[in-house]
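Subject: Handover of a structure and notes on its helix packing

Dear colleague,

Please find below the structure that I am handing over to you. My notes on what was found in it follow directly after.

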Amino acid sequence: MYLLLCIFALALYWPLNSYKNQDKAKRAYIYIMTFVLCLFSAIRHLGVGVDTYQYYLGFTSMEQTSWNYILKNLIEYLKGDAYISDPGFTLYTKLFASICNNFYIYNFIIAYVFISAVGRIIYKS
């Protein structure tokens with residue numbers, strides 16, 4: 001898959017490099033590569049790594065967890081009474097699982113948040 005991604009990146013670079021407006025070409029390259037990287041991240045198999053399967057299990061467990069339990073843990077965390085490793089991520093996962101019950105779309109959105117930030121840094125520099 002890495003070879004395919006490298007070939008695609010080079011094949012996309014050559015036609016965009018000939019544009020007269022380099023800023024527009026740079027922006028188009030970053031947008032397209034961000035989308036492709038997010039797509040590759042979203043459609044990966046659950047067996048790719050241990051972390052992918054763990055995220056899947058966390059996502060499916062959030063579907064079954066009640067809102068009352070999550071909000072109670074969040075309030076306890078904000079008071080300082082309980083230790084939860086990342087209550088914001090738990091809340092986000094539960095919110096997304098309630099709206100859209102698809103792990104692949106969830107992966108795409110998570111990848112978009114991280115990869116678009118990297119793309120913005122690359123564009124600015």
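Leaving aside its neighbours within four places in sequence, which residues is Thr 93 in contact with? They are Gly 58, Phe 59, Met 62 and Tyr 106. Please bear in mind throughout that this is a predicted model.

**Thr 93 and the contact of helix 3 with helix 5**

Thr 93 has its place in helix 5. Its relative accessibility is 3%, and because buried means under 20% relative accessible area, Thr 93 counts as buried.

Thr 93 is also one of the residues through which helix 5 meets helix 3. The axes of helix 3 (residues 50-64) and helix 5 cross at roughly 70° and come within 8 Å. That angle makes helix 3 roughly perpendicular to helix 5. On the helix 3 side, the contact is made by Tyr 55, Gly 58, Phe 59, Met 62 and Glu 63; helix 5 contributes Phe 89, Thr 90, Thr 93, Lys 94, Phe 96 and Ala 97. Sorted by class, the contact of helix 3 with helix 5 has 6 nonpolar, 3 polar and 2 charged residues. The crossing in which helix 3 passes helix 5 is right-handed.

**Lys 94**

Is Lys 94, the residue with its place in helix 5, buried or exposed? With a relative accessibility of 6%, Lys 94 counts as buried, since the limit for that class is under 20%. Not counting residues up to four places away in sequence, Lys 94 touches Met 62, Glu 63, Thr 65, Ser 66, Trp 67 and Ile 70. Two of these residues, Met 62 and Glu 63, are also named on the helix 3 side of the contact with helix 5. From C-alpha to C-alpha, Lys 94 and Phe 59 are 7.7 Å apart in space, while 35 residues separate them in sequence.

**Helix 5 with helix 6**

Thr 93 appears once more in the contact of helix 5 with helix 6. The axes of helix 5 (residues 87-99) and helix 6 (residues 103-124) come within 11 Å, and the crossing angle is roughly 135°. Helix 5 and helix 6 are therefore oblique to each other, and their crossing is right-handed. From helix 5, Phe 89, Tyr 92, Thr 93 and Phe 96 take part, and they meet Ile 105, Tyr 106, Ile 109 and Ile 110 of helix 6. The residues of the contact of helix 5 with helix 6 divide into 7 nonpolar, 1 polar and no charged.

**Helix 2 with helix 6**

How do helix 2 and helix 6 lie, and at what angle do they pack? The angle is about 150°, with the axes 8 Å apart. An angle over 145 degrees counts as roughly antiparallel, and helix 2 and helix 6 are therefore roughly antiparallel to each other. Helix 2 passes helix 6 in a right-handed crossing.

Among the helix 2 residues of this contact are Asp 23, Lys 26, Arg 27, Ile 30, Thr 34 and Phe 35. The helix 6 residues that they and their partners meet include Tyr 104, Asn 107, Phe 108, Tyr 112, Ile 115 and Ser 116. By class, the residues of the contact of helix 2 with helix 6 divide into 13 nonpolar, 5 polar and 3 charged.

Thr 34, which lies in helix 2, may serve as an example from this contact. Thr 34 is buried, with a relative accessible area of 9%. Apart from its neighbours within four places in sequence, Thr 34 is in contact with Tyr 112, Ile 115 and Ser 116.

**Tyr 29 and Pro 15**

Tyr 29 is found in helix 2 (residues 22-42). At 24% relative accessibility, Tyr 29 counts as partly exposed. Which residues does Tyr 29 touch, not counting residues up to four places away in sequence? These are Ala 9, Leu 12, Tyr 13 and Leu 16. A polar atom of the Tyr 29 side chain lies 3.4 Å from the backbone oxygen of Ala 9. By contrast, the C-alpha atoms of Tyr 29 and Tyr 106, which are 77 residues apart along the chain, are separated by 24 Å.

Pro 15 lies in helix 1 (residues 2-17) and is partly exposed, its relative accessible area being 44%. Between the C-alpha atoms of Pro 15 and Ser 98 the separation is 42 Å, with the two positions 83 residues apart along the chain.

Yours sincerely

How values were computed. Residues are numbered from 1 along each chain as its sequence is written. This is a predicted model: local features need pLDDT of at least 70, side-chain atom pairs count only at pLDDT 80 or more; totals for chains, interfaces and linings use all residues. Side-chain values use heavy atoms; hydrogens and water are left out. Helices (H or I, at least four residues) and strands (E, at least two) are DSSP runs, numbered from the N terminus. Buried means under 20% relative accessible area, exposed over 50%, partly exposed in between (1.4 Å probe, protein chains only). Contact means heavy atoms within 4.5 Å. A polar contact is a pair of N or O atoms within 3.5 Å; within protein, one must be able to donate a hydrogen and the other to accept it, and residues adjacent in sequence count only if both atoms are side-chain atoms. Axes are lines fitted to C-alpha atoms, for helices over the stretch in contact, and angles run from 0 to 180 degrees between N-to-C directions. Angles under 35 degrees count as roughly parallel, over 145 as roughly antiparallel, 65 to 115 as roughly perpendicular and the rest as oblique. A crossing is left-handed if the near helix is turned anticlockwise from the far one by less than a right angle, and right-handed if clockwise. Ala, Val, Leu, Ile, Met, Phe, Trp, Tyr, Cys and Pro count as nonpolar, Asp, Glu, Lys and Arg as charged, and the others, Gly among them, as polar.
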